[in-house]
Amino acid sequence: MNKNPEAGYALGYTAEEHTRLMRQAALLAPCTERLFRAAGIGPGDRVLDLGSGVGDVSLLLGQIVGPTGAVVGIERNTISIARAEARVAAAGLSNVSFLESDATEVAVSGSFDAVVGRFILMYLPQPARTLRGLTALLRPQGAVAFLEPSWAAARGLSAHLPLYSACAAAIVETFKSCGVNPEMGTAMHRVFADAGLPIPAMNIDILLGADEEFTQALCDILQSLAPEGRQNGVSLAALGDLSTLGERLQAEVHGSGDVIAWLAGHVGAWCRMAGDGPRP
């Protein structure tokens, strides 16, 4: 059983997973942007994006900070970096760059107005320790802002749907088997405190719907997680044939007349470091 998520990203680095991440990013862009703007990130800021993946958050930040600002994405996977760099070039952004580095051992020059990330703390074995180390890179009154999941918040809405519940349970159990925290969203209050950060402002966004996009999202993440789940002894038997799971799940949701959450609840947490005088 792989209990060290740093040994391998639970969802993998396949082309299919990269495509899933980009579809996910389009849906999450509004709540991600709201979080960053609430944290005070704006034109001219220099921002570090922890666990930048294929560049979705970095691309968004590049637009927020504008040509006078800069974004440095931290990513350990070279294939993800190559895809992110190609997307940045296609977008015509000259203020976004990427650094190959492990999230727990970031070595980057200069200081930052903000350290941010989306769905990255959940994978770290010691998220508070990582955050504590990153605060050394922040300028006075610098911001810390992260978006992380809470599956419990979403599962409770549709607990009466047996197939949905089995899918969500399989996802959560597979994450746990890999040492990943599927409730990092609500855990951020404690993580920020353990890192010596100010108490964060927090909110949760839950996207609701009943169309195929919502049920397919569950199937797609299950397909990405299935190899790790099977390796770690997580049974997927309750789900039946994965090739027909999407149709059966859509039929269940449609037949119920109810909505389900798009994957998890998305918890945003942000704070600002202490500092005297106006922000530099």
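In the predicted model, the axes of helix H6 (residues 162-177) and helix H8 approach within 10 Å and cross at roughly 40 degrees. This angle makes H6 oblique to H8, and the crossing in which H6 passes H8 is left-handed. On the H6 side, the residues that meet H8 are Tyr164, Cys167, Ala170, Ile171, Thr174 and Phe175. Their counterparts in H8 are Leu218, Ile221, Leu222, Leu225, Glu228 and Gly229. Divided by class, the contact of H6 with H8 holds 9 nonpolar, 2 polar and 1 charged residues.

Helix H8 (residues 212-231) also packs against helix H9 (residues 245-256), with axes that come within 9 Å and cross at roughly 140 degrees. Since angles over 145 degrees would count as roughly antiparallel, H8 and H9 are therefore classed as oblique to each other. The crossing of H8 past H9 is right-handed. Here Glu212, Thr215, Leu218, Cys219 and Leu222 are the H8 residues involved, and they meet Leu245, Gly246, Leu249, Gln250 and Val253 in H9. The class composition of this contact of H8 with H9 is 6 nonpolar, 3 polar and 1 charged residues. Leu218 and Leu222 of H8 are listed in the contact with H6 and also in the contact with H9.

A further helix pair is formed by H4 (residues 127-134) and H7 (residues 184-194), whose axes come within 9 Å and cross at roughly 55 degrees. H4 and H7 are therefore oblique to each other, and their crossing is right-handed. The contact involves Pro127, Ala128, Leu131 and Arg132 of H4, together with Met184, Val191, Phe192 and Asp194 of H7. By class, the contact of H4 with H7 comprises 6 nonpolar and 2 charged residues, with no polar residue.

The strands considered next belong to an open sheet of 7 strands with mixed pairing, in the order E3-E2-E1-E4-E5-E9-E6. Strand E3 (96-100) and strand E6 (201-205) occupy the edges; each has a single partner strand, so one side of each is left without a neighbour in the sheet. On average, neighbouring strands of this sheet are turned by 20 degrees against each other, direction ignored. Within the sheet, strand E1 (residues 46-50) and strand E4 (residues 112-118) pair in the parallel sense over 4 bridges. Asp49 stands opposite Val116 in E4.

Helices also pack against this sheet. H7 touches strand E5 (138-150), E6 and strand E9 (265-272), and its direction makes about 150 degrees with that of E5. H7 thus has contacts with H4 as well as with the sheet. Helix H3 (residues 78-91) lies across strand E2 (70-75) and E3, and runs at about 170 degrees to E3. The edge strands E3 and E6 are accordingly each touched by a helix, E3 by H3 and E6 by H7.

As to confidence, the chain averages a pLDDT of 90, and 91% of the residues score at least 70. Over residues 1-7 the pLDDT is below 50, and this stretch has 27 contacts in the model beyond near neighbours in sequence.

How values were computed:
Residues numbered from 1 in each chain as written. Predicted model: local features only at pLDDT ≥ 70, side-chain atom pairs only at ≥ 80, totals over all residues. Heavy atoms only, no water. pLDDT = per-residue confidence, 0-100. Contact = heavy atoms within 4.5 Å. Axes fitted to C-alpha atoms, helices over the stretch in contact; angles between N-to-C directions. Helix = DSSP H or I, 4+ residues; strand = E, 2+ residues; numbered from the N terminus. Parallel < 35°, antiparallel > 145°, perpendicular 65-115°, else oblique. Left-handed = near helix turned anticlockwise from the far one by under 90°. Nonpolar A, V, L, I, M, F, W, Y, C, P; charged D, E, K, R; others polar. Pairing = 2+ DSSP bridges.
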